[in-house]
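Q: Could you take me on a close look at one strand of this model and the sheet around it? I would like to know which parts pack where.

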Amino acid sequence: MNEEPAQPPIHVLLVEDHMLLQRILTRTLNDGGFRVTAVGSADQAVALLEGGATADILLSDIRMPGRLDGLQLAQWVRAHHPAVVIVLQTAFTDMEVDDFRVLRKPFTPAELMQCLQDALDESRTSKSGQ
């Protein structure tokens, strides 16, 4: 009996400066079958990616302290790692976010999982249609 090899879990680079929320999101993502690397700033995320780390999804808060905010991080990732699926999260409704997918806080674990799945599906569809 030939079983297909198990796909490795999808890797999420989580960028969230509020440590309690970061822990909750990490647990939620792990419970949903994702592999998570969590950092507290966009600057740390850039350093990881420049150092050779890879991710399938960037899930980043928008407003954060540091040299870059989440929107600037998303723009940097899009320019340097175009295969990474980008989802931004924010509690603020007045923000311009270009054409990035945004998950509005507060959200439920189910809403988070659905948003990530939709983003992955959209990415796969656009890649297969090229």
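A: Happy to; here is a walk outward from one strand to its sheet and then to the helices.

A word on the basis first: this is a predicted model, in which local features need pLDDT of at least 70 and side-chain atom pairs count only at pLDDT 80 or more, while totals for chains, interfaces and linings use all residues. Residues are numbered from 1 along each chain as its sequence is written, and side-chain values use heavy atoms, with hydrogens and water left out.

Let's start with strand β4, residues 85–90, where 6 of the 6 residues are buried. Buried here means under 20% relative accessible area, exposed means over 50%, and partly exposed lies in between, with a 1.4 Å probe and protein chains only. Strands are DSSP runs of E with at least two residues, helices are runs of H or I with at least four, and both are numbered from the N terminus. V85, V87 and Q89 point one way from β4, I86, L88 and T90 point the other way, and all are buried.

On one side, β4 pairs with strand β3 (residues 57–61) in the parallel sense over 5 bridges; two strands count as paired if DSSP finds at least two bridges between them. Within this pairing, L59 stands opposite V87. Between β3 and β4 the chain passes through helix α3 (residues 70–80), making a right-handed β-α-β crossover. Right-handed means that, with the strands pointing away from the viewer, the path from the first strand over the helix to the second runs clockwise. I57 also has its bridge partner in β4, namely V85.

β4 is also joined by 4 bridges to the parallel strand β5 (residues 101–104), where L103 is the bridge partner of Q89. The loop between β4 and β5 holds A91, which counts as partly exposed at 49% relative accessibility. The C-alpha atoms of A91 and P106 are separated by 6.8 Å, with the two positions 15 residues apart along the chain counted as their distance apart.

Stepping back, 5 strands form an open, parallel sheet in the order β2-β1-β3-β4-β5. β2 (35–39) and β5 stand at the edges with a single partner strand each, so one side of each has no neighbour in the sheet. Neighbouring strands are turned by 20° against each other on average, direction ignored. Angles run from 0 to 180 degrees between N-to-C directions, and axes are lines fitted to C-alpha atoms, for helices over the stretch in contact.

Now for the helices. Helix α2 (residues 42–50) packs on the sheet, touching β1 (11–15) and β2, and its direction makes about 145° with that of β1; contact means heavy atoms within 4.5 Å. The buried residues of α2 are A42, A45, V46 and L49. They fall within an arc of 100° seen down the axis, so they line one face of α2; the arc is that of the directions from the helix axis to the C-beta atoms. These buried residues pack against β1, β2 and α3.

Helix α1 (residues 19–31) brings us back to β4. In α1, Q22, L25, T26, T28 and L29 are buried, and they cover an arc of only 165° around the axis, which puts them on the same side of α1. The buried residues of α1 pack against β1, β2, β3, β4 and α4 (109–128). The face turned away from that buried side carries the exposed residues L20, R23, R27 and D31.
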